[in-house]
Amino acid sequence: MKKVRLKWVKNRGLDHIIDHDTDTKACCLLLEYIGRHATQTSSPVPARTLSQFQKNLGLTIPVLRFLRRYPNLFLESPHPRYPSLQCFSLSDPGSLVLSRLSSAAASADSHLRLARLLMLSQSRSLPLSALFPLRFDLGLPHDFSSTFPSLHPNLFSVSRREPGTAVMTLKDYPADLAISSLQRRHLESPSYRDLKKPPSSLGAPLAFPMRFPRGYGSMNKVKAWMDEFHQLPYISPYADPTGIDPESDLMEKRVVGVLHELLSLTIQKKIKRNYIRKLREELVLPHKFTRIFTRYPGIFYYSLKCKTSTVVLREGYERGKLVEPHPLATLRDKVNYVMRTGVLYRDKGLTKLVLDVDTGHTPDDYDCCDHDNDDDDDDVENYILYISEEEDEEEDGDDDEEA
C-alpha cells in the first residue's frame, strides 16, 4: 500500500478543548484530594503539601496561585496552630461539586471501560502504575483498585508480579464486551457497502470515519490511499495479533484499530501520548507508534497544545463539542463553568452559589492565555505551546516527525 506524506495542520477548535480541559482536570483532582484529606483528618490541607503536585496536575503556575483563582470552590485560611501557614479547604459549592463528581465516577459503566482496556492488553492485565494516570480519562473512581475487585470479584483481581509492582488482572473474559466501537457503529447503522457483505464475513473491511483537515479530503492521492486502506480486512483490537507480519499493511490497520478503540473508551475521546507509551508493549504497538497519528490525520488529531502531546479522536467532536457526551463529561463542563462564574446549574434555572466580589478582574482575566473560539474546521499551520500537563519523558526524535 503506497502511503501519502501529509503535512501536520493545527486545529484551533480541538486545541481550545485541550486548553479548556487542562484547568478543569487540575481543579477536579484538587477537589478530590482536598475532600479526601478532610474526610480522613477533618482538617484543611496545608498549601505546602499541595505545592508538590504542580507537575502532576499539569500546571506551570504554582498550585497556590491556581487555587486562589477560584475562591468559589477553594477556601483559604490560616493554619489553626501556625497562622503564617496557609491552608485550603472546600467551600460549600466545592463540596457539592465533589459529591456529584464522585457519584458520576461510580457509575454503572465505569468498570466496563476498565474491563475493555484490560481485554485490549495481551496478558489481560496491566500494572496499576499504568492505570492510575488513565483514571481521569477513563472516568474511574480514585479507589478503583480496591473497590472494583470487591464489587466485581469474578471480573477483577489485584496481585503482585514483582516486589512493589501491583497488577490489575481480568479474571473472566466477557465475550459480549469484545466488540469494538467501530463494529458496534456498523452494526447499528450499516452502510450500503456493509449490506452487501455476507453475515459471516468476520474479517470484512470496515471503514473508519474520516474528518480530514481542510483541503486534504479532496486530494485525489489521499482518496486513493484511504480507499486502499479501507479495503484491508478489519482486525478486531480484541483479537490475538499473533501471526500477523509486524511490517505489513494489515498490522498497521490493526494498530490504527487498537488506538481508535483506546480513544473511544475515554470519556472525552482524547489521551496523552505518554500514557499510551506505558501501554505500548501490552497493546502490541510499534516503538514509533506516534507516526500513526500523523499518518492518519483524518482519524486522529495530534496536538502539541499545553507543551505536551495529546491525541484526539476526530470523530468524537463536532464544532467544539462531544458528539456523544458522557454524563461525566457534561458534569466536568459544568465544573469549568462554576470555576469561571461561580454559578451552578440546577434543574432548568441558575442558582448563584457565591457572592460576586468586585476584584477588578473578569473571569476571562483569569485565563492563562487567550482562547480561540473558532470552529473545528479552522485549521492553520502554526501552533502555540502552552501549559504542560506533565513532564514529558525522553523520546526518540523520530516520534515527533511528520508522517
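1. One definition to start with: a residue is called exposed when its relative accessible area is over 50%, buried when that area is under 20%, and partly exposed in between. By that yardstick R319, at 57% relative accessible area, is exposed. R319 sits in the loop between β11 (317–318) and β12 (321–322). Its backbone deserves a look too: the phi of R319 is positive, about 55 degrees, although the residue is not a glycine.

2. Before going further, keep in mind that this is a predicted model. The chain has 403 residues, and 49% of them count as buried. On the secondary-structure side, there are 16 helices and 15 strands. If you take the contacts in the chain with a separation of 6 or more, 69% of them come from residues 24 or more positions apart.

3. Now for the sheet I'd pull up on screen. Three strands make an open sheet, ordered β5-β7-β6, with antiparallel pairing. The edges are β5 (125–127) and β6 (156–162), and each of these pairs on one side only. On average, neighbouring strands in this sheet are turned by 30 degrees against each other, ignoring direction. As a reminder, strands of a sheet pair through backbone hydrogen bonds, either parallel or antiparallel.

4. How many bridges does β5 share with β7 (residues 165–170)? Three, in the antiparallel sense. The pairing of β6 with β7 is also antiparallel and runs over six bridges. T169 is a handy landmark here: this β7 residue is the bridge partner of S125, and T169 is likewise the bridge partner of S157.

5. The link between β6 and β7 is a hairpin with two residues between the strands. G164 is in that turn, and its phi is positive at about 85 degrees.

6. Two helices pack on this sheet. For the β5 pairing described above, β5 and β7 are joined by three antiparallel bridges; helix α6 (residues 110–120) packs on the sheet and touches β5, β6 and β7, with its direction at about 100 degrees to that of β7. Helix α9 (residues 144–151) packs on the sheet as well, touching β6 and β7, and its direction makes about 125 degrees with that of β6.

7. Is α6 mostly covered or mostly open? Mostly covered, with 10 of its 11 residues buried. The buried set is not just leucines: it includes S110, H111, R113 and R116, along with L114, L117 and M119, among others.

8. Just along the chain, R124 is found in the loop between α6 and β5. R124 has a phi near 60 degrees, a positive value in a residue other than glycine. R124 is partly exposed, because its relative accessible area is 26%, which falls between the 20% and 50% limits.

9. A helix pair worth checking is α10 (residues 181–188) with α13 (residues 249–265): their axes come within 9 Å and cross at roughly 85 degrees. That crossing angle makes α10 roughly perpendicular to α13. On the α10 side the contact is made by S181, L182 and R185, and on the α13 side by H260, E261 and S264. Sorted by class, this contact has one nonpolar, three polar and two charged residues.

10. Anyone wondering about disulfides can note that the count comes to zero. Why is C27 not bonded to C28? The closest cysteine sulfur to that of C27 is in C28, 5.7 Å away, which is too far for a bond; the cut-off is 2.5 Å. Correspondingly, C28 is in no disulfide, and its nearest cysteine sulfur is that of C27. C27 counts as buried because its relative accessibility is 0%, and C28 counts as buried too, at 6%.

11. Last, a long-range pair. R340 belongs to helix α16 (residues 327–341), and with a relative accessible area of 36%, R340 is partly exposed. R340 and N72 are 268 residues apart along the chain, yet their C-alpha atoms are separated by 9.1 Å.

Conventions: Residues are numbered from 1 along each chain as its sequence is written. This is a predicted model: local features need pLDDT of at least 70, side-chain atom pairs count only at pLDDT 80 or more; totals for chains, interfaces and linings use all residues. Side-chain values use heavy atoms; hydrogens and water are left out. Axes are lines fitted to C-alpha atoms, for helices over the stretch in contact, and angles run from 0 to 180 degrees between N-to-C directions. Helices (H or I, at least four residues) and strands (E, at least two) are DSSP runs, numbered from the N terminus. Angles under 35 degrees count as roughly parallel, over 145 as roughly antiparallel, 65 to 115 as roughly perpendicular and the rest as oblique. Contact means heavy atoms within 4.5 Å. Ala, Val, Leu, Ile, Met, Phe, Trp, Tyr, Cys and Pro count as nonpolar, Asp, Glu, Lys and Arg as charged, and the others, Gly among them, as polar. Two strands pair if DSSP finds at least two bridges between them. Buried means under 20% relative accessible area, exposed over 50%, partly exposed in between (1.4 Å probe, protein chains only).
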